[in-house]
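Q: I have a structure in front of me, and I would like to learn how its features are read, one after another. Could we begin with burial and then move on to whatever follows from it?

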Amino acid sequence: MTFPEPTVPPALRAQVAELRDEAWPPDASSAPGTFAHDPALQPVSMLLVDGTTVLAALDILTKHLVHDGERYRAAGLSTVVTRGSARSQGHGRRLVTAAHEAMAAGGPDLGLFTCDRPLRPFYESAGWHQLPGAVLIGGTPVAPFPSDRPGFDKVTMADFFSPRGRQHRSAFPHSRIELYPGEIDKLW
């Protein structure tokens, strides 16, 4: 099921909030179940649902970025999560593959995001490719949040969907990509 994030039905939204809180427990400054993406990133929620139970969820965020003097429409995965009791059954891979296919059909020039290094094979099995040596710079130009900051062990995953994106693919490996999604979604 796919919805613009603000229109996810309340019963499904509550389950997604529980899954997120389980995977990323809220800190003392935020209440459980209150996470939301920056609306400027046009968040789209994709859910894998069995009956009335959310098995897996993710969000696709979209924005324009400038890299190596070219402007691109970029989309990326965020908050990919699978219900603990439903893990290791292929649900997450199925949803991430569906998101890859939706992005390929949806018009962005490229898809890119970061993930923890041990998750790289999982995302590769769903159609994504590691961008060797690439660093995503999140946050804002005033308060950058790079994916190679100390204590992070992230890799940048990508795919190039439009002819223009594929034409400029060689500009992305071994580069610093100024994504700048803002203060709410510091890095997707």
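A: Let us begin with a single residue, and keep in mind throughout that this is a predicted model. Asp 109 counts as buried, because its relative accessibility is 13% and the cut-off for burial is under 20%.

Q: Which residue forms a salt bridge with Asp 109, and how far apart are the closest N and O atoms?

A: The partner is Arg 164, and the closest N and O atoms of this salt bridge are 3.8 Å apart. Arg 164 lies in helix α4, whereas Asp 109 lies in the loop between α2 (91-106) and β5 (110-116), so the pair ties together parts that are 55 residues apart in sequence.

Q: With which other residue does Arg 164 form a salt bridge?

A: Arg 164 also forms a salt bridge with Glu 70, where the closest N and O atoms are 3.0 Å apart. Here helix α4 (residues 163-167) supplies Arg 164 and strand β4 (residues 70-82) supplies Glu 70, so this pair ties together parts that are 94 residues apart in sequence. Glu 70, Asp 109 and Arg 164 are thus linked in a network of salt bridges.

Q: Are Arg 164 and Glu 70 buried or exposed, or something in between?

A: Both fall in between: Arg 164 is partly exposed, with a relative accessible area of 29%, and Glu 70 counts as partly exposed at 27% relative accessibility.

Q: How many salt bridges are there by this rule, and where might I look for another example?

A: The count comes to eight salt bridges. One of them joins the side chains of Arg 176 and Asp 148, at 2.9 Å from N to O. This pair links distant parts of the chain, since Arg 176 is in strand β10 (residues 176-178) and Asp 148 is in the loop between β8 (144-146) and β9 (154-160), 28 residues apart. Arg 176 counts as partly exposed at 45% relative accessibility, and Asp 148 counts as partly exposed at 42%.

Q: Now that I have met β8 and β10, in which order do the strands of their sheet stand?

A: A sheet is read by following its strands from neighbour to neighbour. Three strands form an open sheet in the order β8-β7-β10, and the pairing is mixed. β8 and β10 stand at the edges, each with a single partner strand, so one side of each is left without a neighbour in the sheet. The twist averages 30° from one strand to the next. Strand β7 (residues 135-139) pairs with β8 in the antiparallel sense over three bridges, and Gly 138 stands opposite Phe 145 in β8.

Q: How many bridges join β2 to strand β3, and in which sense do they run?

A: Seven bridges join β2 to strand β3 (residues 53-67), and the two run antiparallel. Asp 50 stands opposite Thr 53 in β3. The hairpin of β2 and β3 has two residues between the strands, and in it Gly 51 takes a positive phi near 70°. On strand β1 (residues 2-4), the partner is strand β2 (residues 44-50), and these pair in the antiparallel sense over three bridges, with Thr 2 standing opposite Met 46 in β2.

Q: What is the general idea behind a nonpolar core, and how many residues has the largest one here?

A: In soluble globular proteins, nonpolar side chains tend to be buried together. The largest nonpolar core here has 37 residues, and those with the most contacts inside it are Leu 77 and Trp 128. At least two residues of this core come from each of β2, β3, β4, α2, β5 and β9, and the largest share, five residues, comes from β3. Apart from this core lies another, of nine residues, among them Leu 19, Leu 47, Val 54 and Ala 57.

Q: Which residues of helix α1 are buried, and against what do they pack?

A: It helps to recall that an α-helix has 3.6 residues a turn, so residues three or four places apart point the same way. In α1 the buried residues are Leu 12, Gln 15, Val 16, Ala 17, Leu 19 and Arg 20, and the buried residues of this helix pack against β1, β2, β3 and β4. Helix α1 has 14 residues and reaches 20 Å from its first C-alpha to its last, close to the 20 Å expected at 1.5 Å a residue. Ala 23 also lies in helix α1 (residues 10-23), but Ala 23 is partly exposed, with a relative accessible area of 32%.

How values were computed:
Residues numbered from 1 in each chain as written. Predicted model: local features only at pLDDT ≥ 70, side-chain atom pairs only at ≥ 80, totals over all residues. Heavy atoms only, no water. Helix = DSSP H or I, 4+ residues; strand = E, 2+ residues; numbered from the N terminus. Buried < 20%, exposed > 50% of the residue type's maximum accessible area, 1.4 Å probe, protein only. Salt bridge = Lys/Arg side-chain N within 4 Å of Asp/Glu carboxyl O. Pairing = 2+ DSSP bridges. Core = buried A, V, L, I, M, F, W, Y, C linked by side-chain atoms within 4.5 Å. Expected span 1.5 Å × (residues − 1). Contact = heavy atoms within 4.5 Å. Axes fitted to C-alpha atoms, helices over the stretch in contact; angles between N-to-C directions.
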